[in-house]
Amino acid sequence: ATNALLTWGYAQTDPARARLRKEGYPEIFVPRIVRATGACENVDTLFEVSVDKNYDWFGKNRRAYLAQTGQLYLESWVPKLNKTYCVGPSFRAEYDVDSRHLTEFTMLEIELAGDFQMLLSEIEGIFGAMIHRVLRDIDIEKNFGLTNADRSRLKRTLPPFPKTTYTEAITILQNKGVDIQWGDDIKTKQEAMLVDHFGKKPLFITHYPNPLWDHGKDIEVEKFFNMIPDPDQPHLVQSADLILPIAGEAVGSAARIYDPQTMIERLTASKMFRRLQAKGGGLEDFAWYIHQLQTHGSIPHAGCGIGISRVMKWIRGVDDIREAITFPSNREILI
């Protein structure tokens with residue numbers, strides 16, 4: 001089992017890295033002790049870095065956190081490199097102790113010059129590389145702890161992946177008798193229903209509600225502020241989650257804002273920013289990124305983050321994420 005766990009880890013990151021290198025993606029080593037620029041949509045799940053209170057390590061009123069994402073750091077290099085990626089830990093102060101949440105996990109992130117459809121194709125290419133690495137192994141049982149039934153299951157999940165919009169997904173769930181309204185978050189069990197509806201293959205759910213649009217009611221769905229509204233449907237954003245069979249949401253992706261003034265407007269109007277202000281933070285947390293955009297500009301681009309632990313959960317076909325990785329970590333486990 002231990003050998004299989006180690007092999008799974010290599011099998012997911014190595015073929016993905018190899019494909020990205022072949023496609024011309026340089027790897028960037030992003031910082032892991034950060035300000036709020038290293039946060040995803042909810043700053044309340046950031047781990048604050050603790051140091052001797054008598055030693056003014058970070059300066060007065062400057063909070064430091066363990067990074068959840070390298071997104072903005074990668075974005076800052078897109079105008080120069082056109083495409084780039086990073087692989088590293090993501091730290092989440094997840095309160096839930098369950099079969100799908102961890103407080104630390106490996107994330108692979110990419111940013112590329114291009115549009116939303118190019119991004120979805122790139123995600124499919126990465127997943128295709130990872131699946132093929134497992135399928136071409138002669139001794140899948142010895143090296144991965146998988147059966148021939150698992151091999152058949154994975155063969156049926158090769159790209160291209162089906163796609164449905166958030167609005168279509170809500171209608172499908174309602175037709176199945178689920179008590180859900182447009183604007184609600186799609187829960188784990190509902191994601192599984194949608195995956196089953198589309199043939200038990202990985203499923204892209206696209207075009208989520210624009211959190212900064214006046215929908216006439218509060219919406220539960222919450223996405224990162226740096227997402228471009230769809231030009232034909234500005235009440236929606238060009239974003240997509242990839243939902244995996246068994247594992248659930250494993251990829252969050254979107255076309256990015258690249259105009260500095262628009263970025264600042266969306267940031268300051270976001271729920272994330274209000275939470276940051278409650279912690280004593282503000283625009284100064286994003287000063288370096290704002291300066292980068294204003295000084296050097298940017299270009300149309302898009303990107304995503306792939307949670308490798310959930311990919312491994314799917315590849316192995318286990319119900320509990322703690323069985324899918326070598327050293328699981330949650331609120332009750334610290335090693």
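What volume does the largest pocket have? About 1400 Å³, and keep in mind that this is a predicted model. Besides that pocket, there's a mixed sheet of seven strands to look at, plus a nonpolar core of 85 residues.

**The pocket**
- The lining of the largest pocket takes in 46 residues, and Glu 41, Arg 92, Glu 94, Glu 249 and Arg 310 are the ones closest to the centre.
- Strand S10 puts in the largest share of that lining, with five residues.
- At least two lining residues each come from S4, helix H8 (188-197), S9, S10, S11 and H12.

**Glu 191**
- You'll find Glu 191 in helix H8.
- Glu 191 has a relative accessibility of 6%, so it counts as buried, the cut-off being under 20%.
- Leaving out residues up to four places away in sequence, Glu 191 touches Arg 100, Ile 186, Ile 243, Gly 248 and Glu 249.
- Glu 249 from that set also turns up among the residues closest to the centre of the largest pocket.

**The sheet**
- Reading across, the strands run S3-S4-S11-S10-S9-S6-S5, and the sheet is open with mixed pairing.
- S3 (83-91) and S5 (163-165) sit at the edges with a single partner strand each, so one side of each has no neighbour in the sheet.
- On average, neighbouring strands are turned by 20 degrees against each other, ignoring direction.
- At the S5 end, S5 pairs with S6 (residues 203-206) in the parallel sense, over three bridges.
- Within that stretch, Lys 163 stands opposite Phe 204 in S6.
- Helix H12 (residues 308-316) packs on the sheet and touches S4 (104-113), S9 (239-244), S10 (248-255) and S11 (301-307).
- The direction of H12 makes about 60 degrees with that of S11.

**The nonpolar cores**
- As a bit of background, nonpolar side chains in soluble globular proteins tend to be buried together.
- Here, the largest nonpolar core has 85 residues, and Ile 110 and Phe 127 have the most contacts inside it.
- Helix H4 (residues 116-135) is the top contributor to this core, giving 10 residues.
- Neighbours within four places in sequence aside, Phe 127 is in contact with Phe 161, Leu 242, Leu 244, Val 251, Ile 306, Val 311 and Trp 314.
- Another core lies apart from the largest one; this one has seven residues, including Val 34, Ala 67, Tyr 73 and Cys 86.

Definitions and conventions: Residues are numbered from 1 along each chain as its sequence is written. This is a predicted model: local features need pLDDT of at least 70, side-chain atom pairs count only at pLDDT 80 or more; totals for chains, interfaces and linings use all residues. Side-chain values use heavy atoms; hydrogens and water are left out. A nonpolar core is a set of buried Ala, Val, Leu, Ile, Met, Phe, Trp, Tyr and Cys residues joined through side-chain atoms within 4.5 Å. Buried means under 20% relative accessible area, exposed over 50%, partly exposed in between (1.4 Å probe, protein chains only). Helices (H or I, at least four residues) and strands (E, at least two) are DSSP runs, numbered from the N terminus. Contact means heavy atoms within 4.5 Å. Two strands pair if DSSP finds at least two bridges between them. Axes are lines fitted to C-alpha atoms, for helices over the stretch in contact, and angles run from 0 to 180 degrees between N-to-C directions. On a 1 Å grid over the protein atoms alone, a cavity is a set of points where a 1.4 Å probe fits but cannot get out, and a pocket is an open set with protein on both sides within 12 Å along at least five of seven lines; lining residues have an atom within 4 Å of a point. Grid points are joined across faces, edges and corners, and a volume is the space filled by probe spheres set on the points.
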